[in-house]
Amino acid sequence: MYMDISERKRGEDELRRFRTAMDCTDDAIFLLNCTSMRFVELNAAACRMLDYCREELLDMGPCDITAESSLEQMTALYEHLKANSGSSLSDEMALIRKDGSQVHVEFHQQALQSGGDWIIVAVVRDISERKEAAQRLQYQAHHDGLTGLPNRTLFYDTLTRTLQQATEHGWTLAVLFLDLDNFKAVNDTLGHGVGDDLLVQFAHRLLGCVRARDTVGRLGGDEFGVILVTQDEQNDAAAVACKIREVLRTPFVLGQHELHVTASIGITMHPLDASQPDELIKYADTAMYRAKHAGRDTFRFFTAQMNVEVLARLELEKALRRAFENGEFVLHYQPKVALDSGSVAGVEALLRWERPGHGLVAPDLFIGSLEDTGLILKVGSWIIDQACRQVGQWLLSSVGRLQVSVNVAGRQLAEGDINADFVAALARHGVPPELLEVELTESSLMANTDRTIRTLRDLKRLGVHISIDDFGTGYSSLAYLRRFPIDKLKIDIAFIREVTSNPDDAAIVQAIVGMAHSLKLEVIAEGVETAAQLAFLKRHRCDQVQGYFFSRPLALPALESLLLKDRQMPLPAAPTPPHRKTLLLVDDEANVLSSLRRLLRDDGYHILCAGSAAEGFDLLAQHSVQVIVCDQRMPDMNGTEFFGRVKEMYQDSIRIILSGYADLDSVIKAVNKGAIYRFYTKPWDDAVLRADLCEAFRQHSLLHDAEPDHGNCACPASDYQTGSVAQLAQADGPPG
Ligand SMILES: Nc1nc2c(ncn2[C@@H]2O[C@H](COP(=O)(O)O[C@H]3[C@@H](O)[C@H](n4cnc5c(=O)[nH]c(N)nc54)O[C@@H]3COP(=O)(O)O)[C@@H](O)[C@H]2O)c(=O)[nH]1
């Protein structure tokens, strides 16, 4: 039996001719069945392009070789081509080779109907070289061919973009303009080849001075630009400028030449100096010229004030580095006094700098710089060692046991190892740990909490005492502070200054003492300067005080002579016993005070006189006063304001205004607030005033004494009926 196979042979011949024709082109050709989404035919160029063999590709679909499109996107595209059969679609995309690498292609696709099926014919051309060439051109147009840095055009574009972001996010930017000093001489004497090498090496060093997000560009010749996103405005910019100067200290090796090169740097700030890119670059250029005129190898800000500030800071930092090496730091000591006994309970070590040509410099002027530069780590360790050494020497001398507290700065706590410092110093000087105390501010505790807790627990285990300095200013609650193993709170000086006259401060101090004691913590008050503050603090059970009232911080010899003379400090006399009837008269006119004193001298009162409201507050802090008579018009504070405060701080007192004129408004307000018990106008009626004072003391005694006074007043009108002498009387009886 014979079969006619001529038809089949013709078909095979056609297919062979078709494949041969397809293989003749360098473009890859893919035929895809739209229903199966599989390739049904492809040419040798397709296999070469993607590095697959024909059989592998015939087992794959378009999604297996494209980097960017999903099946849904492909299907949608093919539906579009089917609907527009006859028209073709061209685009560029990336295909994935067998090894995962990508090849950039340009393709033309068309949909053809074949029987019941739709076939997509894709002709694909490798355009990698063209793309790379375009990219190369683009790069060359924006980069400096010698150093590879962004050129002026790209630097400008980058600055424009960064300025937009800075405006959106409220950042500050610094633009640095750098020019190599004497570069022309290098070119002229050593040749341009050496000059080029120098520029390349300089560019590398420059890149090492900035963070990844900053931009370094070559603006032309030996001029370079830097864009910095700053956090601390001029300090960041100055720090980078210093770093650049520092990296230039190492000589450049150029062939057989070794060159010392410096740069002049100008700095502008956005938004301070300008907000437009060309202005910022121009001003930085101007500032760079100022740096050149200042002698080269330096930097200048465009704004003169910044130069003053930054240069002064840098000068200070340089001097501080020398100070440590030259042993210019010393410790002074300020006594802390126990309020139950009056004895010196310990001393605080306070850093001082004996700066040549400047005398003794207070720490407020340099502690910040020690922290900024990180020098505080070395100086802080030295302070701990010095304090332990001193305690050890005292133990061996007639001074004997004395606790020393040491301030520890935030950065020291966060980055140093104060525990190791104490372990080493205590051992070195043979000192019992309980004779050392650390003072830490609330704010330094708030940062880096976990590490701080570990450090403080270690210190506590060691036996060193822990005190919170400047307490009350750090917005932390006592509940928060309980996480730290604290022994003592030091109330900030801000609350002590007006503690005797400001009801808020008085209330805060009382609350701190009360809460601290309930948590078994000791309390010390700092900045105590007056007997009144001292009396107030003693009365409100503060444990210790420190301040100029007893002693300023002293150099070692002065402290030792104080300690050896008498460790007992004079405490204020005990307040007037409450059973004595104490009357406070407050008037700025001395003759009024002496008339009143004369009038009342036989009535059995302990009379205190104050010439101002301020003196009145001081006397109130130091005595138990039951009745106060105050003038209304006084220069420092009027009577009603005075009594408004007194009412909050000494609620039991009975308060009487004696006025030469009637400012009825404020008096009525004060009466209604319960701040005033009686109001008299001058001249007063002697008998009435005496009788009323007598009654006021009686009322006070009735309300507040365990054993009320039943009338031992010497006043002739002691049986006088209350109320009848008052021009104005408060509505709801005596305050209390
Ligand atoms: N990290 C470190 N900080 C230290 C160190 N030594 C000091 N300091 C801190 O510097 C700040 C200023 O200290 P100083 O100039 O020594 O002032 C202290 C006292 O002189 C001052 N003081 C004391 N009594 C009074 C007073 O009655 N009135 C008044 N106006 N000032 C007074 O207070 C300062 C002590 O403060 P404190 O530490 O909070 O107890 C200061 O913040 C120091 O902490 C150090 O070695 N390391």
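Reader: In which helix does A532 lie?
Author: Welcome to this predicted model! Let's start by placing A532 among the helices. The residue falls within the run 531-539, and that run is helix α21.

Reader: Is A532 buried or exposed?
Author: The relative accessible area of A532 is 2%. Buried means under 20% relative accessible area. Because 2% is under that cut-off, A532 counts as buried.

Reader: How many Å separate the C-alpha atoms of A532 and E615?
Author: Along the chain, these two residues are 83 residues apart. In space, the separation of their C-alpha atoms is 9.4 Å.

Reader: Is R678 buried or exposed, and with which residue does its side chain make a polar contact?
Author: R678 lies in strand β26, which covers residues 678-681. Its relative accessible area is 7%, so R678 is buried. At 3.1 Å, the side chain of R678 makes a polar contact with the side chain of D692.

Reader: How many residues surround the ligand?
Author: Good moment to turn to the ligand. The closest residues around it are E348, R352, K490, E526 and E529. Counting the whole surrounding set gives 23 residues.

Reader: How many residues of the shell around the ligand are charged?
Author: We can go through the shell class by class. It has 10 nonpolar residues and 4 polar ones. The charged residues number 9.

Reader: What distance lies between a polar side-chain atom of R352 and an oxygen atom of the ligand?
Author: R352 is one of the closest residues to the ligand. A polar side-chain atom of R352 lies from a ligand oxygen atom at a distance of 2.7 Å.

Reader: Which residue has a polar side-chain atom 2.6 Å from a nitrogen atom of the ligand?
Author: Here the ligand atom is a nitrogen, and the protein atom belongs to a side chain. The residue with that polar atom at 2.6 Å is E529.

Reader: Which residue has a polar backbone atom 2.8 Å from an oxygen atom of the ligand, and how much of the ligand's area does the protein bury?
Author: This time a backbone atom is involved, and it belongs to Y548. Taken alone, the ligand exposes 820 Å². Of that area, the protein buries 83%.

Reader: Which element gives the largest share of the shell around the ligand?
Author: The space taken by the ligand is the largest pocket. Two elements give two or more residues to the shell: β18 (465-471) and β14 (344-355). The largest share is 4 residues, and it comes from β14.

Reader: What is omega for the peptide bond from H270 to P271?
Author: Most peptide bonds are trans. The bond from H270 to P271 is cis, and P271 lies in the loop between β11 (263-270) and α10 (277-293). The omega of this bond is near 10°.

Reader: Which residue is joined to K682 by a cis peptide bond?
Author: This bond has an omega of about -10°. The partner of K682 is found in the loop between β26 and α27 (686-704). That partner is P683.

Reader: Is K520 buried or exposed?
Author: K520 sits in the loop between α20 (503-518) and β20 (522-526), and its phi is near 60°, a positive value in a residue other than glycine. Its relative accessibility is 74%. Exposed means over 50%, so K520 counts as exposed.

Reader: What is the relative accessibility of R296?
Author: R296 is not a glycine, yet its phi is positive, at about 65°. Its place is in the loop between α10 and β12 (299-301). R296 counts as partly exposed, with a relative accessibility of 39%.

Note on methods. Residues numbered from 1 in each chain as written. Predicted model: local features only at pLDDT ≥ 70, side-chain atom pairs only at ≥ 80, totals over all residues. Heavy atoms only, no water. Near = heavy atom within 4 Å. Polar contact = N/O pair within 3.5 Å; in protein donor to acceptor, adjacent residues only side chain to side chain. Areas by Shrake-Rupley, 256 points an atom, 1.4 Å probe, with all protein chains shown as cover. 1 Å grid on protein atoms, 1.4 Å probe; cavity = no way out; pocket = protein on both sides within 12 Å on 5 of 7 lines; lining within 4 Å. Sits in = over half its atoms within 2 Å of the grid points. Nonpolar A, V, L, I, M, F, W, Y, C, P; charged D, E, K, R; others polar. Buried < 20%, exposed > 50% of the residue type's maximum accessible area, 1.4 Å probe, protein only.
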